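Colleague: I am new to reading protein models, and I would love some help with this one. Could we walk through it together?

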Amino acid sequence: MQIGKKIKNLRLKKGLTQEELGERTDLSKGYISQLERDLSSPSIETLFAILEVLGCAPKEFFDEDGQEQKVVYTSDDWTSFMDEDRGYQIQWLVPESNEKEMEPILLRLEEMGEFKEFEPSLAETFAFVMRGQIMIQVGKRQYIAKEGEAIYYTASDKHQIMNHHQGESEVILVATESYL
């Protein structure tokens with residue numbers, strides 16, 4: 001078992017630097033670095049203090065079977081929401097994606113349907129039109145994308161996706177900074 005690698009992965013998932021982890025555990029940045037490179041082994045007390053700061057139970061940390069990441073998600077894993085008033089259905093393709101860097105969704109827009117309007121953010125958004133045609137408004141500009149075309153924009157202005165097609169449109173959308 002590579003304790004150092006597991007500590008580093010947990011620290012990175014929490015968004016902490018070695019220095020921040022050290023400050024929260026009364027350990028030096030250098031010692032955290034040594035632990036992560038498996039150059040030093042922590043005492044049980046020190047390890048438990050680190051795990052507490054990283055929000056990981058010791059049982060979970062040492063559970064070899066529980067460490068395998070999920071790679072394939074089926075439709076049974078998806079979560080759905082339907083807004084009948086605005087004419088759209090959203091399906092989160094990866095259930096815990098709001099905790100990750102990217103958030104992939106499947107967006108279905110009924111004829112004249114519109115996804116909610118979003119405020120400016122630091123997010124980047126990629127979309128691929130699977131079926132139909134959509135209009136994306138970013139700030140005061142409007143863009144049309146049809147079946148088989150891709151969209152990419154930074155969300156630095158208000159933005160909204162609307163169906164620009166007679167019939168249903170379907171879009172795969174991936175956003176960073178989870179704002180969906």
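What follows is a friendly set of questions and answers about this model.

Modeller: Before we start, please keep in mind that this is a predicted model, in which local features need pLDDT of at least 70 and side-chain atom pairs count only at pLDDT 80 or more, while totals for chains, interfaces and linings use all residues. Residues are numbered from 1 along each chain as its sequence is written, and side-chain values use heavy atoms, with hydrogens and water left out.

Colleague: Is Thr46 buried or exposed?

Modeller: Thr46 lies in helix 4, residues 44-53; helices (H or I, at least four residues) and strands (E, at least two) are DSSP runs, numbered from the N terminus. Buried means under 20% relative accessible area, exposed over 50%, and partly exposed in between, with a 1.4 Å probe and protein chains only. Since the relative accessibility of Thr46 is 19%, the residue counts as buried.

Colleague: Which residues is Thr46 in contact with, leaving aside its neighbours within four places in sequence?

Modeller: Contact means heavy atoms within 4.5 Å. With those sequence neighbours set aside, the contacts of Thr46 are Leu27 and Tyr31.

Colleague: How far apart in space are Val71 and Pro58, C-alpha to C-alpha?

Modeller: Val71 sits in the loop between helix 5 (58-62) and strand 1 (79-83). Its relative accessibility is 63%, so Val71 counts as exposed. The two residues are 13 residues apart in sequence, and their C-alpha distance in space is 24 Å.

Colleague: Which residues of the largest nonpolar core touch the most other members?

Modeller: A nonpolar core is a set of buried Ala, Val, Leu, Ile, Met, Phe, Trp, Tyr and Cys residues joined through side-chain atoms within 4.5 Å. In soluble globular proteins, nonpolar side chains tend to be buried together. The largest core here has 18 residues, and those touching the most other members are Leu107, Leu109, Phe115, Ile134, Ile151 and Ile161.

Colleague: Which elements give two or more residues to this core?

Modeller: Here we look at where the core members come from along the chain. The elements are strand 2 (88-92), strand 3 (102-109), strand 4, strand 5 (133-138), strand 7 (150-154) and strand 9 (169-176).

Colleague: How many residues are in the second, separate core?

Modeller: Among the members of this other core are Leu21, Ile32, Ile50 and Leu51. The full count for the second core is twelve residues.

Colleague: What kind of aromatic pair do Tyr88 and Phe115 form?

Modeller: Rings of Phe, Tyr and Trp (its six-membered ring) pair if their centres lie within 6.5 Å; planes under 30 degrees apart count as stacked, over 60 as edge-to-face and the rest as tilted. For Tyr88 and Phe115, the centres are 4.8 Å apart and the planes meet at 80°, which makes the pair edge-to-face.

Colleague: Why does this pair tie together parts that are apart in sequence?

Modeller: Tyr88 is buried at 3% relative accessibility, and Phe115 is buried at 2%. Tyr88 lies in strand 2 and Phe115 in the loop between strand 3 and strand 4, so their pairing ties together parts whose separation in sequence is 27 residues.

Colleague: Which residues form one aromatic cluster?

Modeller: Phe81 and Tyr88 form a tilted pair, with 6.4 Å between centres and 55° between planes. Phe81 counts as partly exposed, at 40% relative accessibility. The one cluster is formed by Phe81, Tyr88, Phe115 and Phe118.

Colleague: How far apart are the closest N and O atoms in the salt bridge of Glu36 with Arg11?

Modeller: A salt bridge is a side-chain nitrogen of Lys or Arg within 4 Å of a carboxyl oxygen of Asp or Glu. Glu36 in helix 3 and Arg11 in helix 1 (residues 3-14) are 25 residues apart, so this pair links distant parts of the chain. Glu36 is buried at 9% relative accessible area, and Arg11 is buried at 6%. The closest N and O atoms of the two are 2.5 Å apart.

Colleague: Which residues are linked in a network of salt bridges?

Modeller: Glu170 and Arg108 meet in a salt bridge of 2.7 Å, N to O. Glu170 is in strand 9 and Arg108 in strand 3, 62 residues apart. The network links Arg108, Arg131, Glu168 and Glu170.
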